[in-house]
Amino acid sequence: MKELGYYDGKFGPLTEMQIPMCDRASWFGDGVYDAGPARHGVIFALDEHVDRFFRSAALLDITMPLTKEELKALLQRLLGEMDDDELFVYYQVTRGNPAVQKRSHCYEHGVPGKLWVSLSPNRISDGKEPISLITLEDTRFLHCNIKTLNLIPSVIASQKAKDAGADEAVLYRPGELVTECAHSNVHILKDGVLKTHPADNLILGGIARAHLLRACAALSVPTDETAFTLTELFDADEVIVTSSSNLCIRAEKIDGKPVGGKAPELFERLRSYLIDEFLTETA
């Protein structure tokens with residue numbers, strides 16, 4: 001199968017899957033998700049992604065319809081249905097509804113959620129080609145640590161970046177404190193130190209972000225998990241963006257102005273370490 005969809009126990013070609021109108025995703029975006037790359041039948045950092053998936057669901061009081069081990073086994077089984085060897089594996093759970101519940105903001109506790117899965121061909125970036133960014137005010141809510149389906153602010157920011165000819169948008173809060181990107185984490189290198197926003201409620205603590213911090217520890221690169229400003233962003237030796245699709249990539253322009261390029265050797269050490277880690281785990 002080229003692209004696979006799964007919903008509540010049934011799966012088939014993604015374009016043929018149908019979702020009930022009464023699923024709370026349709027009414028409220030009432031759910032959470034996670035995703036990551038797979039290669040050679042191995043889903044990269046699966047335990048970390050599944051742990052975050054369950055953590056997000058718990059923070060929204062969503063009852064999971066299966067255990068962590070059952071979910072991992074299901075994802076592995078669905079991988080076997082695919083034709084391609086390099087894939088992006090996406091999964092979400094929406095809050096369960098009693099069979100005849102009408103549309104209501106309130107919900108019943110303990111009703112098992114509905115699991116969605118999609119698998120599509122995808123190759124992660126090797127991080128060798130730099131990207132361009134734009135800056136935008138962060139107008140999202142105060143629960144960014146929950147990987148919720150409510151992504152309208154991120155959708156708008158991503159489109160503004162595309163319309164500006166950029167690849168991603170860097171978001172900032174009052175005081176020009178940088179948080180993260182529309183769908184990535186952003187970090188800076190300055191004087192040999194990697195600086196990144198703390199994993200609080202204003203950002204989603206990315207799995208790739210965690211791997212970058214571990215790479216820094218392995219390579220004896222000092223880290224500083226405190227918020228930095230737009231001024232620091234533009235003055236950084238390197239600006240690094242991480243996500244499950246781009247494990248480690250640098251920016252060369254922000255708002256049309258050249259940035260980074262002052263610590264290429266250190267960036268390359270980090271990029272190579274993270275790509276090698278991915279290739280080794282999925283060998």
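In which strand does Lys 253 lie? Lys 253 lies in strand 14, where helices (H or I, at least four residues) and strands (E, at least two) are DSSP runs numbered from the N terminus. The model is predicted, so local features need pLDDT of at least 70 and side-chain atom pairs count only at pLDDT 80 or more, while totals for chains, interfaces and linings use all residues. Residues are numbered from 1 along each chain as its sequence is written, and side-chain values use heavy atoms, with hydrogens and water left out.

**Stop 1: Lys 253 and strand 14**

Select Lys 253. Its relative accessibility is 41%, which means that Lys 253 counts as partly exposed; by definition, buried is under 20% relative accessible area, exposed is over 50%, and partly exposed is in between (1.4 Å probe, protein chains only). Leaving aside neighbours within four places in sequence, Lys 253 is in contact with Ile 131, Ser 132, Leu 133, Pro 258 and Val 259, contact being heavy atoms within 4.5 Å. Next, select Phe 234, which is 19 residues from Lys 253 along the chain; the C-alpha atoms of the two are separated by 9.2 Å.

Extend the selection to strand 14 (residues 249-254) and strand 7, which pair in the parallel sense over 3 bridges. Two strands pair if DSSP finds at least two bridges between them. Here Ser 132 has Lys 253 of strand 14 as its bridge partner.

Now add strand 13 (residues 238-242), whose pairing with strand 14 is antiparallel over 3 bridges. Val 241 is placed opposite Ile 249 of strand 14, and the two strands form a hairpin with 6 residues between them. Continue to strand 15 (residues 257-258), which runs antiparallel to strand 14 and is joined to it by 2 bridges. Ile 254 stands opposite Lys 257 of strand 15. This hairpin has 2 residues between its strands, and Asp 255 in the turn has a positive phi of about 55°.

**Stop 2: the salt bridge of Asp 138**

Select Asp 138 and Arg 173, whose side chains meet in a salt bridge (3.2 Å, N to O). A salt bridge is a side-chain nitrogen of Lys or Arg within 4 Å of a carboxyl oxygen of Asp or Glu. Asp 138 lies in the loop between strand 7 (131-137) and helix 4 (152-163), and Arg 173 lies in strand 8 (residues 168-173), so the pair ties together parts that are 35 residues apart in sequence. Are these two residues buried or exposed? Both Asp 138 and Arg 173 are buried. Add Arg 140 and Glu 180 to display the network of salt bridges that links them with Asp 138 and Arg 173. The structure as a whole holds 18 salt bridges.

**Stop 3: the open sheet**

Move to the sheet of 6 strands, which is open, has the order 2-1-6-5-3-4 and pairs in the antiparallel sense. Its edge strands are strand 2 and strand 4 (42-43), each of which pairs on one side only. Within this sheet, strand 1 and strand 6 run antiparallel and are joined by 4 bridges; Gly 5 has Ser 118 in strand 6 as its bridge partner.

Select Asp 8 and Lys 114, which form a salt bridge with the closest N and O atoms 3.2 Å apart. The pair links distant parts of the chain, 106 residues apart: Asp 8 is in the loop between strand 1 (4-7) and strand 2 (10-13), and Lys 114 is in strand 6 (residues 114-121). Asp 8 is partly exposed, with a relative accessible area of 41%, and Lys 114 is also partly exposed, at 24%.

**Stop 4: helix 3**

Select helix 3, which lies across strand 1, strand 2, strand 3 (31-39), strand 4, strand 5 (86-94) and strand 6, running at about 35° to strand 6. Axes are lines fitted to C-alpha atoms, for helices over the stretch in contact, and angles run from 0 to 180 degrees between N-to-C directions.

Which residues of helix 3 are buried? They are Leu 71, Lys 72, Leu 74, Leu 75, Leu 78 and Leu 79. Seen down the axis of helix 3, the buried residues fall within an arc of 160°, so they line one face of the helix; the arc is that of the directions from the helix axis to the C-beta atoms.

Finish with Asp 47 and Lys 72, a salt bridge whose closest N and O atoms are 2.8 Å apart. Asp 47 belongs to helix 2 (residues 46-59) and Lys 72 to helix 3 (residues 68-79), distant parts of the chain 25 residues apart. Asp 47 is partly exposed, with a relative accessible area of 45%, whereas Lys 72 counts as buried at 16% relative accessibility.
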